[in-house]
Amino acid sequence: MRVIKIDKKDWESGVEKLSGDYSLYGPVKQGAFHNFAPLEKGQMPDLDYVNTRLSPKSVVYPQCETMFEYTLDENQPDHHVNKEIPKDYSPRAILGIRPCDVKAIDLVNINFDNPQYQDPWWVQRRAALTTVALACNNPCSTCFCTTAGTGPFDDSSADVLLADMGDYYLAKVMTEKGEALVGKAGFDQDGSAEAGAIDDAAKAAEAKITSKIETGKLGDKVTTELYDADFWEDIAFACINCGTCTYLCPTCWCFDIQDEVQGSDGCRMRNWDTCMSALFTLHGTGHNPRPNKTARVRQRFMHKLKYYVDKYENGIACVGCGRCVQQCPVNIDIRRVCDLMNRFEPGKECA
Amino acid sequence: MSEYAEKIRGIAKKLLDDGTVDMVIGFRKGTMPLINEPCFVKDAAKVDALVWDSSCGVNLANYLPKRKEKIGVVAKGCDSRNIVTHIVENQITREQLYIIGVPCTGMVDRRKIRLAVGKEILSVSEADGKITVTGDGYEEVLDKQEMLQDNCAICIHRNPVISDEVIADPVEEQTDVDRYADVKAVEAMDPEARWNHFEQLLDGCIRCYACRNACPLCYCPTCFVDESQPQWVGKSVDKTDTRTFHFLRAYHCAGRCTDCGACERACPVGIPVRQFTKKLEKDCKELFDWEAGMSLDVRPPLDTYRPEDPDEFIK
Ligand code: SF4
Ligand code: SF4
Ligand code: SF4
Ligand code: SF4
Ligand code: SF4
């Protein structure tokens, strides 16, 4: 790791230099909120934002992507054969991603790239990705990242972490990918003398985080007891099973596979799926092992706060970005649910 | 507004104590400003959880279909009309319900307020038609009327149309509103402009179905978009499929939509989905002099036939 200094007046020209070597993504204003989008040549990421409405996971894991194409036309020699379609794995960089969202990409990686399975599209896109994270000087009231395994200045996942110092950025260059990117941008002013200022800013930002969760006891709970806890019906009551929470979440990774055929041409695609939907678990027989919304809501929280915790032993499957908290149309709040789960003791009412 | 909450608690307690109902459906205080959470209370000792203010926008009629219990339900004007629709459509019986009517002065749009203030909001209070929001080092006072949900701003049935008990005197109904200004603007467009208008409207839809799931009318056991044999609509965010979803859903709501705004309020990306249903609502009003959910005794226009029904539009 080394620290460099980037004067803001040099930022734009540096970003412009990158556009030859990388497809660039960054936060852009879309109506009333920001989302990550490809940056046109000369377009700058709008770094004056707190958090985007949708997470940037789609840069590595698009909501919908075609995997294969095929023809049903029996006159064609290769009919009924799935052919993988070529994809773009050229270098890409996300500028201004938040530390929690970069952390989330690492977290999702556990699902898509592990000794058992390697998802080829995820693996290659992630390998092509460089992340330039922007530390949060002013986290908002729904951010609970510091108790969800990350934080406003977390540098553990990013290739470069920018800290906004007013007229300039101090950048921690964390990886080789990060070195390559700052090299191409021509950012090379030494900033090591000011490294301490980043730590001070980090402490100040962390102190501003008022929203906290307790997760320490989740691992010790007996899964079946937690599953049968008395509070699920109360928690799930308001839920409309819409899927907003999971689609906006940077750590939700589930997908569905669909074939679409028009005439004799078909394609096989995968789309994000959501455990909030009844279809998620509907069997071909018509049986549904998660037959009602209480079962589905329980799944979402048990997955994030218990099954994942037990399976990977590296914390919870949530980075505390607060998107689901802010956008759930009926105010189902993971912080409240986490608290109930963490405090749960069988036989004691705690709702 | 706290008198409203007191009244609701009192009635809820009485209903649970004397066994009139098994549960009361209302709102509990949200974990953030500007949103409260729908909840149920079964224990008379816990009625104090129930609250009321201008952030109780969620349509509680959505929580009724196919329930077996006897239920006390808190209902604003629009909720009451969707309850009527549910009863007419056999989703719940009148006898199961004890309707606690709330004369409504409109629900605020949390996104409009956030946009107007432009800073993070940490607490909110309201009194006398004013909303006071406070945050880090600031306080701002807003006119509630200007911060209403779009549908509330043009609502002409704020008083519950059906109830067993009303918690306050009726509020004055709005009379000088043009309910269809937006629809008329679209009607006036040429086909190309209209197409572009709807294309832009749907740009950004992520097919999460929050709009559908928030709508009390969308109670079908299997929605047409979820059907797989046959599969009517593709599941990606392909423009044609997204359009098909929205247009067909709107048609399924024709003559039933109360313009409660639940769909729009739920959308995570702020798509004004009422733009679709409102045209149909306007048609129903003009063709059949029909407003949904006003009476238990009249069949809706789309499930009755009268020889004198207008048919200009199919000639
Ligand atoms: S966003 Fe809220 S209402 Fe929608 S599925 Fe998630 S928890 Fe349920
Ligand atoms: S569960 Fe909610 S707070 Fe946690 S990462 Fe997902 S969207 Fe963010
Ligand atoms: S099971 Fe649900 S909570 Fe878990 S990743 Fe899938 S969609 Fe998200
Ligand atoms: S379509 Fe929208 S406005 Fe109409 S009843 Fe349903 S939720 Fe309410
Ligand atoms: S709620 Fe919004 S984003 Fe979701 S399906 Fe409806 S219009 Fe699309």
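**Exercise 1. Find which residues of the largest nonpolar core touch the most other members, and which helix gives the most to this core.**

Step 1. A nonpolar core is a set of buried Ala, Val, Leu, Ile, Met, Phe, Trp, Tyr and Cys residues joined through side-chain atoms within 4.5 Å, where buried means under 20% relative accessible area with a 1.4 Å probe and protein chains only.

Step 2. In this predicted model, local features need pLDDT of at least 70 and side-chain atom pairs count only at pLDDT 80 or more, whereas totals for chains, interfaces and linings use all residues. Residues are numbered from 1 along each chain as its sequence is written, chains are lettered from A and ligands numbered from 1 in the order in which they are written, and side-chain values use heavy atoms, with hydrogens and water left out.

Step 3. The largest core holds 133 residues, and those that touch the most other members are A:Phe301, A:Met341, B:Ile25 and B:Trp52. Helix 2 of chain A (residues 99–112) makes the greatest contribution to this core, namely eight residues; helices here are DSSP runs of H or I with at least four residues, numbered from the N terminus.

Step 4. Another core, of 25 residues, lies apart from the largest one and includes A:Ile4 and A:Leu95.

**Exercise 2. Describe the largest cavity and say why it lies between two domains of chain B.**

Step 1. On a 1 Å grid over the protein atoms alone, a cavity is a set of points where a 1.4 Å probe fits but cannot get out, and its lining residues have an atom within 4 Å of a point. The volume is the space filled by probe spheres set on the points, which are joined across faces, edges and corners.

Step 2. The largest cavity contains about 300 Å³ of space. Its lining has 32 residues, and B:Arg81, B:Cys155, B:Arg179, B:Thr258 and B:Asp259 are the closest to its centre.

Step 3. Helix 10 of chain B provides the most lining residues, four.

Step 4. The largest cavity lies between domain 1 (1–105 + 156–176) and domain 2 (178–305) of chain B because both give residues to its lining; the domain bounds come from an automatic or database assignment.

**Exercise 3. Find which residues come nearest to ligand 5 and which helices supply its shell.**

Step 1. Around ligand 5 there are 14 residues, each with a heavy atom within 4 Å of the ligand. Those that come nearest are B:Cys205, B:Cys208, B:Tyr209, B:Cys211 and B:Cys267.

Step 2. At least two residues of this shell come from each of helix 7 (210–214) and helix 8 (239–252) of chain B.

Terms used
Buried < 20%, exposed > 50% of the residue type's maximum accessible area, 1.4 Å probe, protein only. 1 Å grid on protein atoms, 1.4 Å probe; cavity = no way out; pocket = protein on both sides within 12 Å on 5 of 7 lines; lining within 4 Å.
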